[in-house]
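Student: Let's go through this structure by question and answer. Please show it first.

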Amino acid sequence: MKQIVELNEQTRNQISAIEQKCEKLAEKLLNNYKTDFQTGGENLVVDLIRTIKGRSASENDVFKVDYESILELGIETEEDFYPNAYIPIWKCKQEMFHSVGYLTNLDIDSIEKKMMIMIEEMLADREEGEKYE
């Protein structure tokens, strides 16, 4: 994550652009892999999550202290959600009386490769588990 101290409109646009790309990527990955996970009442979850102290936030809150956005990967059943992995995208913190941001060093292609590897590992783990049942 690279530290950003200039929290201006240009930075806001940069964050917004990468978050929007992550949302499109999440949708694409979900569409590509969801059928692989639908056996056994499980659903793949790939989503960009925006929060402030664990509560849902909007993309307009990017410069609020404790705002963070992550690309999350998990499995959902009827009762529960099992997070599997996540990639931090943006985080805003208060440091020495100033707001400071941290933006991922990864470009969207690197994020996609990383997410695909994690999904493939989840699929391999499921197949491994099915062998022993």
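Student: Is Lys64 buried, exposed or partly exposed?

Tutor: This is a predicted model: local features need pLDDT of at least 70, side-chain atom pairs count only at pLDDT 80 or more, and totals for chains, interfaces and linings use all residues. Residues are numbered from 1 along each chain as its sequence is written, and side-chain values use heavy atoms, with hydrogens and water left out. Buried means under 20% relative accessible area, exposed over 50%, partly exposed in between (1.4 Å probe, protein chains only). Lys64 has 46% relative accessibility, so the label is partly exposed.

Student: Which residue forms a salt bridge with Lys64?

Tutor: A salt bridge needs a side-chain nitrogen of Lys or Arg within 4 Å of a carboxyl oxygen of Asp or Glu. For Lys64 the closest N and O atoms are 3.2 Å apart. The partner is buried, at 15% relative accessibility. That partner is Asp61.

Student: In what order do the six strands lie in the sheet?

Tutor: Strands are DSSP runs of E, at least two residues; helices are runs of H or I, at least four; both are numbered from the N terminus. Two strands pair if DSSP finds at least two bridges between them. The sheet is open and its pairing is antiparallel. Strand 1 (2-4) and strand 3 (55-56) are the edges, each pairing on one side only. The order is 1-6-5-4-2-3.

Student: How many bridges join strand 4 to strand 5?

Tutor: Strand 4 covers residues 67-76 and strand 5 covers residues 81-95. The two run antiparallel. Glu76 has Phe81, in strand 5, as its bridge partner. The bridge count is nine.

Student: What angle does the direction of helix 1 make with that of strand 2?

Tutor: Helix 1 (residues 9-37) packs on the sheet. Contact means heavy atoms within 4.5 Å, and helix 1 touches strands including strand 2 (43-52) and strand 6 (98-103). Axes are lines fitted to C-alpha atoms, for helices over the stretch in contact, and angles run from 0 to 180 degrees between N-to-C directions. The angle is about 160°.

Student: How far apart in sequence are the parts that Glu19 and Arg50 tie together?

Tutor: Their side chains meet in a salt bridge (3.0 Å, N to O). Glu19 is buried at 0% relative accessibility, and Arg50 is buried at 11%. Glu19 lies in helix 1 and Arg50 in strand 2, so the separation is 31 residues.
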